[in-house]
Amino acid sequence: MPKQKIHAVIYKDADSDQWVAHCIEFNVTTQGDSAEHAADMIKEAVALHLEEVDPSDIHQFFQPVDGDVEIR
């Protein structure tokens with residue numbers, strides 16, 4: 001599968017010391033020990049999620065995101 005940009009929301013979990021990463025396009029969530037670790041983990045989680053998907057069926061899972069990237 002060709003590389004594709006994804007958008008993720010990454011935030012510190014209020015109830016633990018973990019960072020949560022949520023991919024908006026594919027509705028996949030994971031966590032990591034730092035914001036950078038969570039970013040790496042979301043890339044891996046999305047790749048694993050789509051590993052078995054036929055490229056012609058990707059549109060069934062992909063939810064496009066409009067707008068500019070915003071970091072807070």
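The following paragraphs describe the fold, the core and selected residues of a predicted model.

The protein chain contains 1 helix and 3 strands. Read along the sequence, these elements follow the pattern β-β-β-α. The chain has 72 residues, and 21% of them count as buried. Its exposed area is about 5,600 Å². Carbon and sulfur atoms supply 51% of that area. Contacts across the sequence were also counted. Among those between residues at least 6 apart in sequence, 25% join residues at least 24 apart.

The interior is considered next. In soluble globular proteins, nonpolar side chains tend to be buried together. The largest nonpolar core in this model has 10 residues. They are A21, C23, F26, V28, A38, I42, A45, V46, L50 and V53. Strand β2 (19–23) and helix α1 (35–50) each supply at least two residues of this core. The largest share comes from α1, with 5 residues.

Residue T30 has contacts with several members of this core. T30 is placed in strand β3, which spans residues 28–32. Its relative accessibility is 18%. The cut-off for a buried residue is under 20%, so T30 counts as buried. Neighbours within four places in sequence are left aside here. Beyond them, T30 is in contact with W19, V20, A21, A38, M41, I42 and A45. Among these partners, A21, A38, I42 and A45 are also listed in the core.

A second buried residue lies outside the strands. Q18 sits in the loop between β1 and β2. Its relative accessibility is 15%. This value is under the 20% limit, and therefore Q18 counts as buried. The side chain of Q18 makes a polar contact with the side chain of D33, at 2.9 Å. D33 also appears among the contacts of Q18 outside its neighbours within four places in sequence. The other residues in that set are Y11, K12, D13, Q31 and G32.

Y11 thus links the account to the surface. This residue lies in strand β1, residues 8–12. Y11 has a relative accessible area of 41%. Values between the buried limit of 20% and the exposed limit of 50% count as partly exposed, so Y11 falls into that class. Together with V9 and I24, Y11 makes a nonpolar surface patch. The patch covers about 240 Å².

The helix also has a residue with some exposure. A47 is found in helix α1. A47 is partly exposed, because its relative accessible area is 45% and the exposed class requires over 50%. A47 can be paired with K3, which is 44 residues away in sequence. In space, their C-alpha atoms are 9.7 Å apart.

One loop residue has a notable backbone angle. Most residues other than glycine have a negative phi. For N27, phi is near 55°, a positive value in a residue other than glycine. N27 is found in the loop between β2 and β3. Its relative accessible area is 52%. Exposed means over 50%, so N27 counts as exposed. Q18, in the loop between β1 and β2, is by contrast buried.

How values were computed. Residues are numbered from 1 along each chain as its sequence is written. This is a predicted model: local features need pLDDT of at least 70, side-chain atom pairs count only at pLDDT 80 or more; totals for chains, interfaces and linings use all residues. Side-chain values use heavy atoms; hydrogens and water are left out. Patches are made of residues with over 30% relative accessible area and no salt bridge: like charges are joined within 9 Å, nonpolar side chains (Val, Leu, Ile, Met, Phe, Trp, Tyr) within 5 Å. Accessible areas come from the Shrake-Rupley method with a 1.4 Å probe; for residues, only the protein chains shown count as cover. A salt bridge is a side-chain nitrogen of Lys or Arg within 4 Å of a carboxyl oxygen of Asp or Glu. Helices (H or I, at least four residues) and strands (E, at least two) are DSSP runs, numbered from the N terminus. Buried means under 20% relative accessible area, exposed over 50%, partly exposed in between (1.4 Å probe, protein chains only). A nonpolar core is a set of buried Ala, Val, Leu, Ile, Met, Phe, Trp, Tyr and Cys residues joined through side-chain atoms within 4.5 Å. Contact means heavy atoms within 4.5 Å. A polar contact is a pair of N or O atoms within 3.5 Å; within protein, one must be able to donate a hydrogen and the other to accept it, and residues adjacent in sequence count only if both atoms are side-chain atoms.
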